[in-house]
Amino acid sequence: MLRNMTIHFICRGNVLRSLIAETYLKSLSLPDIAVLSSGTVADDYRVSNIALGYRDNTRQLLARHGLATYTKQAAEQLTQARLNNTQLVICANQIAFDEAQAIVKLPANTIVWDIMDIGEGTRIANSAAARHAYEEEIYTEITAKVDGLVAELGVS
């Protein structure tokens, strides 16, 4: 079992995918595992993500799944300082990985998942109901990936 490991999840805005991953992994209360998340463009879209209710939507999603107490209060911008002393970095998808590489030095063992954000590829939400359905779909994808990661790392 690995000890004293910090896992850092990265997406674009730090309001959906990386936030779900961080919150879910924290909820597992694994000993000696620290978890954080950030976004490659969190500062750029902070105001619009709040105004459009995206952060609140994710908080409601996490609350529906019993994870409200593990959710951090604000999106955080990816910086090298936040990334330093991290043993494992996971990017939500190739877009997040490419953006991250442009602003920080990622470790060689960075993992890139394949989780599309809402507004990417086929995940175009034309209504609140569609957005809600995509949020649930993304939650399911991420929790499955985190469960797989925990099993692969042998942490419990």
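# Helix packing and internal spaces

L19, I20 and T23 in helix 1 touch R55, T58, L61 and L62 in helix 3, and the residues of this contact divide into 4 nonpolar, 2 polar and 1 charged. The model in which these contacts are found is a predicted one. Two packed helices are described by the angle between their axes and the distance between the axes, and the points below take the helix pairs in turn before moving to the cavity and the largest pocket.

**Helix 1 with helix 3**

- The axes of helix 1 and helix 3, the latter covering residues 54-64, come within 11 Å and cross at roughly 30°; because angles under 35 degrees count as roughly parallel, helix 1 is described as roughly parallel to helix 3.
- The crossing of helix 1 and helix 3 is right-handed.

**Helix 1 with helix 6**

- Helix 6 spans residues 128-153, and its axis and that of helix 1 come within 9 Å while crossing at roughly 50°, which means that helix 1 is oblique to helix 6.
- The crossing of helix 1 and helix 6 is right-handed.
- On the helix 1 side the contact is made by R17, I20, A21, Y24 and L25, and these meet I138, Y139, I142, T143, V146, D147 and V150 in helix 6.
- Sorted by class, the residues of the contact between helix 1 and helix 6 comprise 9 nonpolar, 1 polar and 2 charged.
- I20 of helix 1 takes part in the contact with helix 3 and also in the contact with helix 6.

**Helix 3 with helix 6**

- Helix 3 and helix 6 pack with their axes 11 Å apart and at an angle of about 55°, so helix 3 is oblique to helix 6.
- The crossing of helix 3 and helix 6 is right-handed.
- Helix 3 contributes Y54, N57, L61, L62 and R64 to this contact, while helix 6 contributes R131, H132, E135, E136 and Y139.
- The contact of helix 3 with helix 6 has 4 nonpolar, 2 polar and 4 charged residues.
- L61 and L62 of helix 3 belong to the contact with helix 1 and also to the contact with helix 6, and Y139 of helix 6 meets helix 1 as well as helix 3.

**The cavity**

- A search of the whole structure finds 1 cavity of 30 Å³ or more, and the largest cavity has a volume of about 40 Å³.
- The lining of the largest cavity is formed by F9, I10, R17, S18, A21, I90, C91, A92, W113 and I142.
- Strand 1 (5-11), helix 1 (17-27) and strand 3 (88-91) are the elements that give two or more residues to this lining, and the largest share, 3 residues, comes from helix 1.
- By class, the lining of the largest cavity divides into 8 nonpolar residues, 1 polar and 1 charged.
- R17, A21 and I142 are among the residues that line the largest cavity, and they also appear in the contact between helix 1 and helix 6.

**The largest pocket**

- The largest pocket has a volume of about 330 Å³, and of the 18 residues that line it, R12, N49, Y54, D117 and I118 lie nearest its centre.
- Helix 2, which runs over residues 42-51, gives the largest share of the lining of the largest pocket, namely 3 residues.
- The lining of the largest pocket divides into 8 nonpolar, 5 polar and 5 charged residues.
- Y54 lies nearest the centre of the largest pocket together with R12, N49, D117 and I118, and Y54 is also one of the residues through which helix 3 contacts helix 6.

Conventions. Residues are numbered from 1 along each chain as its sequence is written. This is a predicted model: local features need pLDDT of at least 70, side-chain atom pairs count only at pLDDT 80 or more; totals for chains, interfaces and linings use all residues. Side-chain values use heavy atoms; hydrogens and water are left out. On a 1 Å grid over the protein atoms alone, a cavity is a set of points where a 1.4 Å probe fits but cannot get out, and a pocket is an open set with protein on both sides within 12 Å along at least five of seven lines; lining residues have an atom within 4 Å of a point. Grid points are joined across faces, edges and corners, and a volume is the space filled by probe spheres set on the points. Helices (H or I, at least four residues) and strands (E, at least two) are DSSP runs, numbered from the N terminus. Ala, Val, Leu, Ile, Met, Phe, Trp, Tyr, Cys and Pro count as nonpolar, Asp, Glu, Lys and Arg as charged, and the others, Gly among them, as polar. Axes are lines fitted to C-alpha atoms, for helices over the stretch in contact, and angles run from 0 to 180 degrees between N-to-C directions. Angles under 35 degrees count as roughly parallel, over 145 as roughly antiparallel, 65 to 115 as roughly perpendicular and the rest as oblique. A crossing is left-handed if the near helix is turned anticlockwise from the far one by less than a right angle, and right-handed if clockwise. Contact means heavy atoms within 4.5 Å.
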